[in-house]
Amino acid sequence: MSNTQHAHWSSRLTFILAATGSAVGLGNIWKFPYMVGESGGAAFVLVYLLCIALIGLPILVAEWLIGRRGQENPINAMADVAHQAGRNRAWLLVGVSGILGAFLILSFYSVIGGWSLYYTLSSVTGVFSGQDADGIGELFSGMLASPGLLLAGHSVFMLLVIGIVARGVTKGLESAVRTLMPALGVLLVVLIGYGMTTGYFGQALGYMFNPDWSALTGETVLAALGHAFFTLSLGMGIMMAYGSYLGEDVNLLKTARTVVIMDTVIALGAGLAIFPIVFANGLDLASGPGLIFVTLPLAFGNMGGGVILGLLFFLLLTFAALTSAISLLEPVVEFVEERTPLSRVMSTLVAGIGAWALGIAALLSFNVWSDPVLFGLGVFDLLDKLTSKFMLPLTGLGAIVFVAWALERQSVETELGLKGGSATLWHLVARYVAPIGVIVVFVSSL
Ligand code: PFF
Ligand code: NA
């Protein structure tokens, strides 16, 4: 989009839908439950919720505010808003690191999008029907062991993302988000209902909300913080880019609250759908990235109408993954398009193919290239940890420090419509609680 006639969202609702489309994705349904399982349950969940409320929400507001003031891509927006406030243009580094993070995340996000596609097809063929935990587990490990299958899924998924972004039809997807997101919510409710019939729902509830604080380590707190950024699409310039299409009339705090609540409800709902199945079948809580792929098919294979529900579920999951992946590619493309002579279509191809190539290295780490490459981690884990635990929190920290410390306090409060007590609260959280929270978590995990 050119800077001279920077477009705007047609309404506040469109904006909420686009932001929600970016936020709600694999992070909620695939990643959140397995992180809870790996990190010992409720203590992790509660720390995560604290991170969302005290760190994620203010940073979401900060990113939108910067984008709206800048009215251009994240790098230029950071540079210009800093300049206007009499600060150093070097703040643009926050935008640069965000775009790099988006590129890295897209590469492995697409691999999981491919899993979701494969499971959509598998549901149609009815392979889940009547399977026990072992059968479903073999299906999953069979997929992981096959580079060809993973490559096919990853490639088709990335092709869809590239196709959509190249045509710039992102707008059309917003109307789809409006219907498909609620449908995903309804299916989660059906799955939670199924969980209640297993007799293990109470145990799942306790696991998710009754904390055993001894399970908490510096490492899991950092994981919770990192995931708060990942799930809200923060620290990647994406929310900044979305904010740049925003008019003055939108109330940032109220809108942020809406998006954060929707994202959190979907994540908790996914956990409540999955853990009863885990307990009922004696599955491994810490089974990692495969968790939803070895639990949900069990439920679908053993419930009435499971074939059609399974198909619908994985289709909707794929769709949610697509809307998030599109939001990951968009800022990278915008950057390439504005910084090089390439056209929109060529920029999309260059950025998309780059992420696709890196994704191949990531998917091979599940089979033929499982040896650690750095810090004892394979490529997939390395990309995941590097972005969630380091790049996103540090970039988000840059955004909130910038808004709370480098911009004029009065102007920010006016822009957010804050007065009196609520202004003081914002000031305390944005200046101290959120940045210090990020720093403390960071330092204590080292
Ligand atoms: N927030 C998305 C999710 O939870 O699946 C993932 C994501 C999308 C992360 C876009 C970052 C991003 F910029
Ligand atoms: Na999310």
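Helices, in the sense used here, are DSSP runs of at least four residues, numbered from the N terminus. In this predicted model, Gln 71 falls in the loop between helix 3 (42-70) and helix 4 (74-84). Gln 71 has a positive phi of about 55°, although Gln 71 is not a glycine. Most residues other than glycine have a negative phi. The surroundings of Gln 71 contain 17 other C-beta atoms within 10 Å, and the residue is therefore partly exposed, since that class lies between the limits of 12 or fewer for exposed and 20 or more for buried.

A positive phi is also found at Ser 233, where the angle is near 60° in a residue other than glycine. Ser 233 is placed in the loop between helix 10 and helix 11 (238-243). With 29 other C-beta atoms within 10 Å, Ser 233 is buried, because 20 or more such atoms are required for that class.

Ser 233 also belongs to the surroundings of ligand 1, where, of 16 residues, those that come nearest are Gly 25, Gly 27, Ser 233, Met 236 and Ser 324. Two or more residues of this shell are given by each of helix 1 (12-23), helix 2 (26-38), helix 5 (92-124), helix 10 (218-231) and helix 14 (306-339). In character, the shell around ligand 1 is made up of 8 nonpolar and 8 polar residues, with no charged residue.

Helix 5, which gives residues to that shell, also packs against other helices of the model, among them helix 14 and helix 15. Two packed helices are described by the angle between their axes and the distance between the axes. For helix 5 and helix 14, the angle is about 160° and the axes are 8 Å apart. Angles over 145 degrees count as roughly antiparallel, and helix 5 and helix 14 are therefore roughly antiparallel to each other. The crossing of these two helices, helix 5 and helix 14, is left-handed. Their contact involves 22 nonpolar and 7 polar residues, and no charged ones.

Helix 5 and helix 15 (residues 344-364) pack at an angle of about 55°, and here the axes are 8 Å apart. Because this angle lies outside the ranges set for roughly parallel, roughly perpendicular and roughly antiparallel pairs, helix 5 and helix 15 are oblique to each other. The crossing in which helix 5 passes helix 15 is right-handed. On the side of helix 5, the contact is formed by Phe 103, Leu 106, Ser 107, Phe 108, Ser 110 and Val 111, which meet Gly 354, Ala 355, Trp 356, Leu 358, Gly 359, Ala 362 and Leu 363 in helix 15. The residues of this contact of helix 5 with helix 15 comprise 9 nonpolar and 4 polar ones, with no charged residue.

Two further residues illustrate positions within helices. Thr 14 is found in helix 1, and with 17 other C-beta atoms within 10 Å this residue is partly exposed. When neighbours within four places in sequence are left aside, Thr 14 is in contact with Trp 9 and Glu 174. The C-alpha atoms of Thr 14 and Arg 178 are separated by 8.9 Å, although the two residues are 164 residues apart along the chain. Ala 183 is found in helix 8 (residues 170-197), and Ala 183 counts as partly exposed because 14 C-beta neighbours lie inside 10 Å. The C-alpha atoms of Ala 183 and Leu 316, which stand 133 residues apart along the chain, are separated by 7.8 Å.

Conventions: Residues are numbered from 1 along each chain as its sequence is written. Chains are lettered from A and ligands numbered from 1 in the order in which they are written. This is a predicted model: local features need pLDDT of at least 70, side-chain atom pairs count only at pLDDT 80 or more; totals for chains, interfaces and linings use all residues. A residue is near a molecule or strand if its C-beta atom, placed from the backbone, lies within 6 Å of it. Ala, Val, Leu, Ile, Met, Phe, Trp, Tyr, Cys and Pro count as nonpolar, Asp, Glu, Lys and Arg as charged, and the others, Gly among them, as polar. Axes are lines fitted to C-alpha atoms, for helices over the stretch in contact, and angles run from 0 to 180 degrees between N-to-C directions. Angles under 35 degrees count as roughly parallel, over 145 as roughly antiparallel, 65 to 115 as roughly perpendicular and the rest as oblique. A crossing is left-handed if the near helix is turned anticlockwise from the far one by less than a right angle, and right-handed if clockwise. Two residues are in contact if their C-beta atoms, placed from the backbone, lie within 7 Å.
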